[in-house]
Amino acid sequence: MDNNSVTSNPLYYEKPYKLLFKYATPSIISMLVGSLYNIVDQIFIGRGVGINGNAATNIAFPLTIICMSIALFHGFGCASFYSILLGQGNNKKAAKIIGNTIVLALIFGLIFTVIVKFFNKKLMMMFGSTQEVLPYAVEYTNITALGFVPFIFSTMMSHIIRADGSPQYSMTSVLAGAIINTILDPIFIFTFDMGMSGAALATIIGQFVSFIMVIRYLFRFKHIKFERDNFLIDPKNILKIYSLGSSPGFNQLAMMIVQITMNNVLSYYGANSIYGGNIPLAVAGIIAKVNTLVMAFIIGSSQGSQPIIGFNYGARNYDRVIKTYKLTITITTIMAFTAFLLFQLFPRQIVAIFGDGSDLYFHFAEEYMRIYMALMVINGIQPVTGTFFTSLGKAFKGAFISMTRQIIFLLPLIIILPRILGIDGVMYAGPVADGAALIVTVILVSKEIKKLKKMQEEKTA
């Protein structure tokens with residue numbers, strides 16, 4: 001172990017708020033940019049194609065979630081382990097971990113691409129598509145599937161690059177792709193009249209730009225140098241990567257399951273309501289995408305805390321671990337409260353950004369946003385805590401925290417409540433799940449902080 005490389009690292013001695021600003025800001029921007037891929041498509045599709053186009057992007061969204069899950073299983077798992085190893089001064093093993101992660105992510109990305117290309121139509125039907133929306137969804141995903149590998153790889157590498165101490169480069173690589181996508185979307189959709197295909201093509205071109213930029217970083221790592229055997233898979237490394245990546249990875253998979261279930265529930269109960277099947281699908285898709293913007297701030301802040309917490313935990317600097325966690329919770333709660341006010345006060349104006357609709361459409365949108373997001377103010381606590389446990393190397397607790405809202409509470413609620421309340425039941429499932437998940441999270445993290453305080457006392461005694 002190289003103690004000098006540990007104590008001389010700014011992660012060890014710099015003030016937590018300065019470090020969090022340094023690491024969280026690029027991470028937030030990267031997350032925002034990633035969200036903009038879907039948001040920009042949604043806006044231009046809504047105005048250029050219409051309500052069926054918006055519904056189609058909602059139907060296709062689970063595929064994006066799966067890509068994010070693959071990227072986070074590998075990228076966040078690797079970054080968490082990498083930070084701990086750097087804190088321990090074990091740079092040689094750190095290089096091996098990254099080499100294994102790169103190979104695994106490419107393999108999974110290719111497999112997923114092939115599956116989607118062969119079973120596209122069946123997947124769209126399974127995800128809850130109506131017959132009117134199906135052609136739009138199939139057209140869109142046939143093209144976006146070609147960008148899955150670069151999207152997964154660039155998203156994965158952004159976490160690793162940030163953990164290596166280059167958060168600005170991580171941000172720039174994602175930002176470049178999003179700018180390209182934003183420029184090309186109106187050109188392809190309106191100028192060339194390419195509709196859904198144009199939006200999809202703009203997306204994958206942007207993803208390839210980001211992919212090329214992260215490939216360049218493979219030759220520019222600050223703390224490691226690759227050797228050929230770093231890319232030979234070691235089963236022990238695989239287990240560690242996936243265990244540490246399980247918290248955000250499973251959270252994304254949980255989101256996918258919830259999204260698919262919700263689409264089917266909205267289609268079924270919407271068809272039996274005054275709204276019909278397509279209005280709830282379109283509205284839910286828009287609000288989900290808007291929520292990703294808010295969560296970009298929250299998750300970006302959470303991810304910014306990961307290198308700080310992981311490094312200092314590895315270096316047995318427990319006071320800084322606790323301070324960083326509490327600071328991150330405070331910041332994300334302020335962000336969540338701001339979003340809560342916007343959702344409650346301006347729901348119609350937010351939805352109108354994505355195109356016009358009938359009075360019935362906007363009535364459902366206003367009700368859905370206000371009720372489903374009623375407890376948005378507490379939504380920063382759970383993701384920060386999941387990242388906190390994962391950064392400590394406690395993968396099971398991190399994964400469990402991530403699963404509480406989506407799988408343990410929200411999934412059963414969106415199945416049960418509509419049976420009682422009709423389509424309104426989907427709306428009320430959101431705040432009920434948020435409140436229940438908060439209680440579980442607070443209980444677990446309180447116990448962990450007590451342990452860390454005791455470990456700090458024993459260290460200084």
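## Briefing: helix packing, salt bridges and a surface patch

Ala95 sits in helix H5, and this is a good place to start a tour of the model, which is a predicted one. With a relative accessibility of 3%, Ala95 counts as buried because the cut-off for buried is under 20%. Helix H5 itself covers residues 91-126. From Ala95, the step to Gly380 spans 285 residues in sequence, and their C-alpha atoms are 33 Å apart in space. The points below take you through the surface of H5, two helix pairs and the salt bridges.

**A nonpolar patch on the surface**

- Seven names are worth finding in the viewer: Ile107, Phe108, Ile111, Val114, Ile115, Phe118 and Phe119 make a nonpolar surface patch of about 680 Å².
- One of these patch residues, Ile107, lies in helix H5, the helix that also holds Ala95.
- Ile107 has a relative accessibility of 42% and counts as partly exposed, because that value falls between the 20% limit for buried and the 50% limit for exposed.

**How the helices pack**

- Helix H5 has a partner in helix H7, residues 148-163: their axes come within 8 Å and cross at roughly 155°.
- That angle makes H5 roughly antiparallel to H7, because angles over 145 degrees count as such.
- The H5 and H7 crossing is right-handed.
- Further along the chain, helix H8 (residues 167-191) packs with helix H9 (residues 195-217) at an angle of about 160°, and their axes are 8 Å apart.
- H8 is therefore roughly antiparallel to H9.
- The crossing in which H8 passes H9 is right-handed.

**Salt bridges: the count and the H13 to H14 link**

- There are four salt bridges in the structure.
- One of them pairs Glu366 with Arg348, with 3.4 Å between the closest N and O atoms.
- This pair links distant parts of the chain, as Glu366 belongs to helix H14 (residues 359-372) and Arg348 to helix H13 (residues 347-352), 18 residues apart.
- Arg348 is partly exposed, with a relative accessible area of 36%.

**Salt bridges between H16 and H17**

- Lys397 and Glu448 form a salt bridge whose closest N and O atoms are 3.2 Å apart.
- Here too, distant parts of the chain are linked: Lys397 is in helix H16 (residues 395-421) and Glu448 is in helix H17 (residues 424-460), 51 residues apart.
- The two partners differ in exposure: Lys397 is partly exposed at 26% relative accessibility, whereas Glu448 is buried at 1%.
- Lys397 and Glu448 also belong to a network of salt bridges that includes Lys394.
- Asp434 forms a salt bridge with Arg405, and the closest N and O atoms are 2.3 Å apart.
- Asp434 is in helix H17 and Arg405 in helix H16, so this pair ties together parts 29 residues apart in sequence.
- Asp434 counts as buried at 4% relative accessibility, and Arg405 is buried as well, with a relative accessible area of 11%.

Conventions
Residues are numbered from 1 along each chain as its sequence is written. This is a predicted model: local features need pLDDT of at least 70, side-chain atom pairs count only at pLDDT 80 or more; totals for chains, interfaces and linings use all residues. Side-chain values use heavy atoms; hydrogens and water are left out. Patches are made of residues with over 30% relative accessible area and no salt bridge: like charges are joined within 9 Å, nonpolar side chains (Val, Leu, Ile, Met, Phe, Trp, Tyr) within 5 Å. Accessible areas come from the Shrake-Rupley method with a 1.4 Å probe; for residues, only the protein chains shown count as cover. A salt bridge is a side-chain nitrogen of Lys or Arg within 4 Å of a carboxyl oxygen of Asp or Glu. Helices (H or I, at least four residues) and strands (E, at least two) are DSSP runs, numbered from the N terminus. Buried means under 20% relative accessible area, exposed over 50%, partly exposed in between (1.4 Å probe, protein chains only). Axes are lines fitted to C-alpha atoms, for helices over the stretch in contact, and angles run from 0 to 180 degrees between N-to-C directions. Angles under 35 degrees count as roughly parallel, over 145 as roughly antiparallel, 65 to 115 as roughly perpendicular and the rest as oblique. A crossing is left-handed if the near helix is turned anticlockwise from the far one by less than a right angle, and right-handed if clockwise.
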